[in-house]
Amino acid sequence: MASKAWCGSAILLALLFTIVKPSYGGITSKYVRKAQPSIDMPLKDYPPPKGYNAPEQVHITQGDHTGRAIIISWITPVEPTPDTVTYWPAKEPCEKKVAKASTITYKYYTYTSGYIHHATIKELEYDTKYFYEIACDESVRQFHFSTPPAPGPDVPYTFGIIGDLGQTYASKETLSHYISNKNAQAMLFLGDLSYADDYPNHDNVRWDTWGRLVERSVAYQPWIWTPGNHEIDFDQDIGEIEPFKPYNHRCPTPYKASGSTSPLWYSVKRASAYIIVLSSYSAYGKYTPQYQWLEKEFPKVNRSETPWLIILVHSPWYNSNGYHYMEGETMRVQFEKWVVQNKVDLVFAGHVHSYERSFRISNIKYNITNGLSFPVNDSSAPMYFTLGDGGNIEGLAAEFSAPQPEYSAFREASFGHAILDIKNRTHAHFTWHRNQDDKPVAADSTWVFNRYWFAQDETNCKLPA
């Protein structure tokens with residue numbers, strides 16, 4: 001029955017659009033964002049929760065490869081307890097269980113962290129709402145989350161997408177707009193979290209304030225972490241020579257479940273999506289651990305189970321903005337051929353503080369002597385999205401190249417967030433929402449056709465959203 005239902009759905013969707021000769025004409029938006037400072041909010045705007053030693057900066061992420069585990073993290077500022085979390089399914093409130101966390105701290109220059117707790121809860125039921133609470137003598141903090149449906153080819157699922165968020169007034173606006181979209185079920189976060197390294201001596205207090213800012217989302221739905229350049233936190237002048245120290249202590253990932261040797265690159269399955277996270281700032285040349293892991297990772301993807309193959313990376317491989325131009329080029333050269341061969345559907349990146357969407361293009365034929373060094377339309381290639389527009393302190397990147405490259409479909413220098421709404425194995429719908437006049441405006445959208453199951457051109461698709 002499920003097979004017949006999918007076939008009928010696919011036929012109906014196919015009849016709703018007309019295949020014509022693709023028309024590739026990019027748009028540079030003329031919208032001009034209202035001038036306002038992109039400055040961080042003062043520390044007083046990030047108060048800790050009430051109560052002595054109250055758990056704070058609560059956040060969750062997927063805790064295994066398939067979606068049946070969750071990692072719950074929190075910080076206690078004064079004492080190493082509470083170090084347990086109580087959880088139960090919403091439909092069975094009497095079946096409470098307790099999970100114990102591992103507890104760590106770290107020092108960065110003159111800063112000493114609070115007690116950082118990570119509790120992994122395993123063997124959860126799919127597609128189930130759970131409550132959880134972290135309690136100390138003066139405070140009981142309760143939250144909830146929902147597990148994803150079991151992986152399957154026609155399982156609908158909705159992701160939010162944000163990069164380069166920071167903690168400015170614009171960041172707060174972006175986050176509020178995202179939270180107002182009640183359909184989003186999990187976040188694909190594209191790196192550059194707190195921007196603490198923009199402060200003297202990488203002031204790690206700004207990691208704490210960022211954790212308080214985002215708690216109202218990330219305590220309730222998992223954020224899939226991607227490391228960015230602002231997470232490196234390497235500063236030899238102050239004796240800090242361990243890259244990614246604050247990030248690795250604060251943002252755990254289920255990397256071992258996918259055979260990775262580093263928390264900076266890994267994969268997860270979630271509903272009908274297979275998500276691969278890469279690290280732009282870790283070695284990726286041939287023979288390196290990341291290269292060897294990715295080479296083995298692609299053959300593991302079963303498109304009959306998880307048809308949507310998505311890559312998250314911080315530095316974009318295609319970018320027509322002068323800001324950070326071509327910084328992702330060496331990784332593109334290293335991995336793009338694999339991406340095309342394996343029919344990756346979508347590549348999401350941050351880093352550049354604007355929004356851009358590409359057509360399906362590739363540049364994999366160059367061999368030094370043949371002169372074939374331009375991007376060309378390629379039906380096996382992914383769409384590339386740049387979403388480093390979360391609202392951080394460094395402001396917008398508005399210096400787009402002119403004329404607009406043929407591979408660039410839409411670009412705009414505004415802050416905002418995106419939504420990827422997967423419908424079934426063949427179709428997904430993507431929207432980008434700019435922060436405009438205090439409202440999230442859908443400024444760009446496109447249907448996305450799966451490269452494995454329905455590799456048609458989306459350029460002139462007339463489907464209703």
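Visitor: Which residue forms a salt bridge with Lys-44, and how far apart are the closest N and O atoms?

Guide: The general idea is that side chains of opposite charge can pair when their charged atoms come close. In this predicted model, Lys-44 forms a salt bridge with Asp-45, and the closest N and O atoms of the two are 3.3 Å apart. Lys-44 counts as exposed, with a relative accessibility of 68%, whereas Asp-45 counts as partly exposed at 33%.

Visitor: How many salt bridges does the structure hold, and which residue does Arg-303 pair with?

Guide: The structure holds 17 salt bridges. One of them joins Arg-303 to Asp-345, with the closest N and O atoms 2.9 Å apart. Arg-303 lies in the loop between helix H5 (289-297) and strand E17 (308-312), while Asp-345 lies in the loop between helix H6 (329-341) and strand E18 (346-349), so this pair ties together parts that are 42 residues apart in sequence.

Visitor: Are Arg-303 and Asp-345 buried or exposed?

Guide: Buried is the term for a residue under 20% relative accessible area. Arg-303, at 6% relative accessibility, therefore counts as buried, and Asp-345, at 0%, counts as buried as well.

Visitor: What surrounds Val-301, which has its place in the loop between H5 and E17?

Guide: Leaving aside residues up to four places away in sequence, Val-301 touches Tyr-274, Thr-306 and Leu-309. Val-301 counts as buried, at 15% relative accessibility. The C-alpha atoms of Val-301 and Ala-273 are separated by 10.0 Å, and these two residues are 28 residues apart along the chain.

Visitor: What does a salt bridge look like for Lys-423, and which residues are joined into a network by shared partners?

Guide: The side chains of Lys-423 and Asp-421 meet in a salt bridge with an N to O distance of 2.8 Å. Lys-423 is partly exposed at 34% relative accessibility, and Asp-421 is partly exposed at 22%. Elsewhere, salt bridges that share partners join Glu-329, Arg-332 and Glu-336 into one network.

Visitor: How should I read the sheet that contains strand E24, and in what order do its strands stand?

Guide: Strands of a sheet pair through backbone hydrogen bonds, either parallel or antiparallel. Here 6 strands form an open sheet in the order E14-E13-E12-E24-E25-E26, and the pairing is mixed. Strand E14 (223-224) and strand E26 (439-449) stand at the edges with a single partner strand each, so one side of each is left without a neighbour in the sheet. Strand E24 (residues 416-422) is mostly covered, since 6 of its 7 residues are buried.

Visitor: How many bridges join E24 to strand E12 and to strand E25?

Guide: Strand E12 (residues 157-162) runs antiparallel to E24, and 5 bridges join the two. Within this pairing, Phe-159 stands opposite Leu-420 in E24, and the bridge partner of Tyr-157 is Ile-422 in E24. On E24 and strand E25 (residues 427-436), the pairing is antiparallel over 7 bridges, with Thr-431 in E25 as the bridge partner of Ile-419. A hairpin of 4 residues joins E24 to E25.

Visitor: Which strands does helix H2 lie across, and at what angle does H2 run to E24?

Guide: H2 lies across E12, strand E13 (186-189), E14, E24, E25 and E26, and runs at about 25 degrees to E24.

Visitor: At what angle do the axes of H2 and H3 cross?

Guide: The axes of helix H2 (residues 169-180) and helix H3 (residues 205-218) come within 10 Å and cross at roughly 10 degrees. Angles under 35 degrees count as roughly parallel, and H2 is therefore roughly parallel to H3. H2 makes the contact through Lys-172, Leu-175, Ser-176, Tyr-178 and Ile-179, and H3 through Leu-213, Val-214, Arg-216 and Ser-217. By class, this contact of H2 with H3 has 5 nonpolar, 2 polar and 2 charged residues.

Visitor: What is the strand order in the open sheet of 4 strands, and which are its edge strands?

Guide: The order is E5-E4-E10-E11, with antiparallel pairing. Strand E5 (97-100) and strand E11 (139-146) are the edge strands, each pairing on one side only. From one strand to the next, the twist averages 25 degrees. Strand E10 (residues 129-136) pairs with E11 in the antiparallel sense over 8 bridges, and Tyr-132 stands opposite Phe-143 in E11.

Definitions and conventions. Residues are numbered from 1 along each chain as its sequence is written. This is a predicted model: local features need pLDDT of at least 70, side-chain atom pairs count only at pLDDT 80 or more; totals for chains, interfaces and linings use all residues. Side-chain values use heavy atoms; hydrogens and water are left out. A salt bridge is a side-chain nitrogen of Lys or Arg within 4 Å of a carboxyl oxygen of Asp or Glu. Buried means under 20% relative accessible area, exposed over 50%, partly exposed in between (1.4 Å probe, protein chains only). Two strands pair if DSSP finds at least two bridges between them. Axes are lines fitted to C-alpha atoms, for helices over the stretch in contact, and angles run from 0 to 180 degrees between N-to-C directions. Contact means heavy atoms within 4.5 Å. Angles under 35 degrees count as roughly parallel, over 145 as roughly antiparallel, 65 to 115 as roughly perpendicular and the rest as oblique. Ala, Val, Leu, Ile, Met, Phe, Trp, Tyr, Cys and Pro count as nonpolar, Asp, Glu, Lys and Arg as charged, and the others, Gly among them, as polar.
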